[in-house]
Structure formats: C-alpha cells, structure tokens
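Q: Got a minute to go through this model with me? I'd like to start with the strands and then jump around.

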Amino acid sequence: NSKDFSYWEKPLMELFGLTMGLIGFGRIGRAVGNLAQAFGMKVIVHNRSLPPSLPPWVTMVELNDVFRKSDVVSLHCPLTEENSKMVNAYKLKLMKSSAFLINTSRGLLIDEQALSDALNMDMIAGAGLDVLSSEPPFPDNPLLNAKNCFITPHIAWATKSARIRLMNIAVDNLKQFLDGRSKNIVN
C-alpha cells in the first residue's frame with residue numbers, strides 16, 4: 001500500500017542511449033560529461049571557445065543544437081552579458097517535450113518566467129535547479145509553483161570539508177599570485 005514502494009505508475013526512463021547536452025565544458029562540465037558517458041549517454045557540448053582537447057566521446061555543436069538534440073540540457077558556464085537569460089522562450093521551444101533542464105551554474109542564465117511557462121504548458125518534462133536569479137527566492141518567483149520543477153537550496157558548498165577546501169584554494173591562489181605565478185585565471 002506504500003505509494004513509493006513501486007514506481008510503475010509512470011514510465012521509467014533509462015539514461016543509456018539518451019543525449020546529454022552540456023553548455024560549458026570546463027572542469028565541472030567535463031566531470032558531468034564523464035558521468036553521462038559512463039551511463040551510456042551520448043554527450044554533445046557547446047562551449048564559447050574550442051577546448052584544447054576533447055575526449056573522443058564528445059561532439060561539439062552549436063548552441064541551438066544542444067537544445068534541439070538533447071534529452072538533458074545541463075548548464076555549466078559563467079554568467080556574462082552575452083548569456084544572461086540565454087535559456088529563454090525561444091530556446092525552450094527548441095527542446096523536446098520529453099527533455100529536462102538542469103542548472104547548477106548561475107540562476108540568471110534562465111528567464112525564469114519563460115521556464116515556468118514551458119513547464120506549466122508541458123513543453124519540456126522537467127527542470128532541476130540548484131540556483132535561482134535571487135537566493136533566497138522571492139515568494140513570487142514563478143518557478144516555486146511550476147510543474148515538475150525541483151529546486152534545491154544551493155548548498156553543496158556548505159559542508160565543513162567543502163568550505164575548508166575552498167579556503168585552502170583561496171590561500172593557495174593568493175600565495176601563487178604573490179610568487180608571480182597565475183593560477184585559476186578566469187578570462
């Protein structure tokens with residue numbers, strides 16, 4: 001009688017053979033790509049510049065093709081003037097109705113009203129968000145009540161070990177800079 005003992009009421013989805021579309025292929029994008037590839041997913045990538053080396057399982061594509069061809073679109077890029085609200089109504093209309101959007105990057109990469117509308121009209125299957133345009137979110141954020149929208153509180157960095165590692169990285173960056181060596185440069 002337990003409602004969550006068996007999940008046969010809705011179709012289950014296997015990752016094998018699906019396409020993971022990554023926007024941004026830095027350290028985190030590569031790690032996500034590795035995981036997707038390990039599950040048997042095809043991996044397509046759009047990056048603002050061509051990475052110096054690509055694993056053989058990665059295919060570089062145009063930005064719109066990431067939205068058109070992916071079963072899962074995952075954002076892994078910094079916020080710039082050029083990509084603010086890049087996930088907008090037009091890009092969401094390109095996505096498959098069965099596709100999912102994941103954002104663990106920057107909240108302002110997404111037009112939140114457009115995403116809420118797309119979810120509520122079943123234009124895409126769902127969204128998993130670890131970031132929003134404002135944190136904590138304002139009570140009127142349209143994503144808080146959108147269908148199939150799963151929001152986590154952006155706290156992966158909050159464990160004690162993660163904060164210690166972040167502080168060690170900051171100290172090491174400063175030491176490297178004072179010694180005349182550049183490390184972790186963001187262009």
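What follows is a short chat about strands, salt bridges, cysteines and a surface patch.

A: Sure. Keep in mind that this is a predicted model.

Q: Okay, which strands does β5 pair with?

A: Strand β4 (residues 72–75) runs parallel to β5, and four bridges join them. β5 also pairs with β6 (residues 126–129), in the parallel sense and over four bridges.

Q: What sits opposite Phe100 in each neighbour?

A: In β4, Val72 stands opposite Phe100. In β6, the bridge partner of Phe100 is Gly126.

Q: And which helices make the β-α-β units?

A: Helix α3 (residues 89–94) makes one with β4 and β5, and the unit is right-handed. Helix α4 (residues 112–120) makes another with β5 and β6, also right-handed.

Q: Which β5 side chains are buried?

A: Leu101 and Asn103 are buried and point to one face. Phe100 and Ile102 point to the other face and are not buried.

Q: Switching to charges. How many salt bridges are there?

A: A search of the whole structure gives four. One of them joins Asp71 and Lys96, with the closest N and O atoms 3.0 Å apart. Asp71 is in the loop between α2 and β4, and Lys96 is in the loop between α3 and β5, so the pair ties together parts 25 residues apart in sequence.

Q: Asp71: buried or exposed?

A: Asp71 counts as buried, at 10% relative accessibility. Lys96 counts as partly exposed, at 29%.

Q: What about Asp122, which residue does it bridge to?

A: Asp122 forms a salt bridge with Lys147, the closest N and O atoms being 2.9 Å apart. This pair links distant parts of the chain, with Asp122 in the loop between α4 and β6 and Lys147 in the loop between β6 and β7.

Q: Where does the Asp65 and Arg68 pair lie?

A: Both are in helix α2 (residues 63–69), three residues apart, about one turn of the helix. Their closest N and O atoms are 3.0 Å apart.

Q: New topic. How many disulfides?

A: Zero. Cys77 is in no disulfide, because its nearest cysteine sulfur, that of Cys149, is 18 Å away and the cut-off is within 2.5 Å. Cys77 is buried, with a relative accessible area of 10%. Cys149 is buried too, at 14%.

Q: Last one. Which residues form the nonpolar patch on the surface?

A: Ile155, Trp157, Leu166 and Ile169, with about 390 Å² of accessible area together. Ile169 is in helix α5 (residues 160–178). Ile169 is partly exposed, with a relative accessible area of 38%.

Technical notes: Residues numbered from 1 in each chain as written. Predicted model: local features only at pLDDT ≥ 70, side-chain atom pairs only at ≥ 80, totals over all residues. Heavy atoms only, no water. Patch = residues over 30% accessible without salt bridge, like charges linked within 9 Å, V, L, I, M, F, W, Y side chains within 5 Å. Areas by Shrake-Rupley, 256 points an atom, 1.4 Å probe, with all protein chains shown as cover. Salt bridge = Lys/Arg side-chain N within 4 Å of Asp/Glu carboxyl O. Helix = DSSP H or I, 4+ residues; strand = E, 2+ residues; numbered from the N terminus. Buried < 20%, exposed > 50% of the residue type's maximum accessible area, 1.4 Å probe, protein only. Pairing = 2+ DSSP bridges. Right-handed = clockwise from strand over helix to strand, strands pointing away.
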